[in-house]
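Colleague: Before I rely on this model, I would like a close look at one part of it, taken residue by residue and with the cut-offs stated. Please begin with the place itself and then work outwards to its surroundings.

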Amino acid sequence: MKKAITLLTLIISTFAFAQEDTEEQPVNLNEINNKKHEFRIDVLESLALPAIDVSYEYVLSKYSGVGASLNISFQDDENDFRQNFAFTPYFRQYFFNKKEYGARGFFAEGLLQYATGDNERFFNFDENTLDERGTWNKFGVGVAIGQKWVSRNGFVIELSLGGGRYLGDDDDGLSPDGFFRGGVSFGYRF
């Protein structure tokens, strides 16, 4: 009888430990909710162009955040409307958030952008003149949408797509009318 009770106790304890290992560990919401700062780097920008795009976001609540992006280009070629520098502050609103911790999931973003760049002008056939390179400075507004995934330990993956329009007249033809915003970013929330 002692052997049967010992064997039964051993089997029950084995199932109890196995059950504990397979159950999902509870999320420490205080630890996740205290993570308010996030840095990201757009890897698509770095791979497609010789440029770096770094973003910082401060989590206001589980439904919103504010931040800014800094884009610096290292292009040497003579492209039309080459952007050398852009500073983009933004506000984000997150939707369809089913988790207790926030600033993740589908988002919409309103943004402002200040950018500088240069442009190689082309030969003007009507006047038989060659215009030289010019520089431009522009301020614009835009929107973007995207999806953000945040792991429990703070790693972030973000996909976004959007754009905007620069404000003001461009009589000299040196600057673009609009801009693109988006990419694939990886980062960390702390």
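In which strand is glutamate 158 found, and what does the residue touch once residues up to four places away in sequence are not counted?

Modeller: The model is predicted, so local features need pLDDT of at least 70 and side-chain atom pairs count only at pLDDT 80 or more, whereas totals for chains, interfaces and linings use all residues. Residues are numbered from 1 along each chain as its sequence is written, and side-chain values use heavy atoms, with hydrogens and water left out.

Glutamate 158 is found in strand β9, where helices (H or I, at least four residues) and strands (E, at least two) are DSSP runs numbered from the N terminus. Glutamate 158 counts as buried because its relative accessible area is 3% (buried is under 20%, exposed over 50%, partly exposed in between, with a 1.4 Å probe and protein chains only). Even so, the side chain of glutamate 158 has a polar partner, since a polar contact of 3.2 Å joins it to the side chain of arginine 40 (a pair of N or O atoms within 3.5 Å, within protein one able to donate a hydrogen and the other to accept it, residues adjacent in sequence counting only if both atoms are side-chain atoms).

As for its contacts (heavy atoms within 4.5 Å), with residues up to four places away in sequence not counted, glutamate 158 touches Arg40 and Arg92, then Phe107, then Gln147 and Lys148, and also Gly183, Val184 and Ser185.

Arginine 40 leads on to a second acidic residue, because aspartate 53, which is buried at a relative accessible area of 10%, has Arg40 among its contacts. Aspartate 53 lies in strand β2, and, leaving aside neighbours within four places in sequence, its contacts also take in Ile41, Asp42, Glu45, Ser69, Leu70 and Asn71. With one of these, asparagine 71, the side chain of aspartate 53 makes a polar contact, side chain to side chain, at 3.4 Å. Between the C-alpha atoms of aspartate 53 and isoleucine 72 there are 6.6 Å, although the two residues are 19 residues apart along the chain.

Asn71 and Glu45 are also met in the largest pocket, where they belong, with Leu49, Gln83 and Phe180, to the residues nearest the centre of a lining of 34 residues (on a 1 Å grid over the protein atoms alone, a pocket is an open set of points where a 1.4 Å probe fits, with protein on both sides within 12 Å along at least five of seven lines; lining residues have an atom within 4 Å of a point). Strand β9 (155–166) supplies at least two residues of that lining, as do β1 (37–42), α3 (43–48), β2 (51–61), β3 (64–73), β4 (82–95) and β10 (178–189). The most comes from β10, with seven residues.

Tyrosine 166, at the end of the range given for β9, touches Gln83, Gln113, Ala115, Trp136, Lys138, Phe139, Gly140, Pro176, Asp177, Gly178 and Phe179, again without residues up to four places away in sequence. Isoleucine 145, in strand β8, is in contact with Leu159, Ser160 and Leu161, and also with Phe106, Phe107 and Ala108, its neighbours within four places in sequence being left aside. In contrast to glutamate 158, which is buried, isoleucine 145 is partly exposed, with a relative accessible area of 45%. Its C-alpha atom is separated by 7.5 Å from that of phenylalanine 106, 39 residues apart along the chain.

Two further buried charged residues can be set beside these. Aspartate 118, in strand β5, has a relative accessible area of 9% and is therefore buried, and its side chain is joined to that of asparagine 84 by a polar contact of 3.3 Å. Arginine 82, in strand β4, is buried at 11%, and its C-alpha atom lies 8.6 Å from that of threonine 116, a residue 34 residues apart from it in sequence. Phenylalanine 96, in the loop between β4 and β5, is by contrast exposed, with a relative accessible area of 72%; the C-alpha distance from phenylalanine 96 to tyrosine 63, 33 residues apart in sequence, is 9.2 Å.

For the wider setting, the protein has three helices and ten strands, in the order α-α-β-α-β-β-β-β-β-β-β-β-β from the N terminus on. Of its 190 residues, 34% are buried, and among contacts between residues at least 6 apart in sequence, 58% join residues at least 24 apart.
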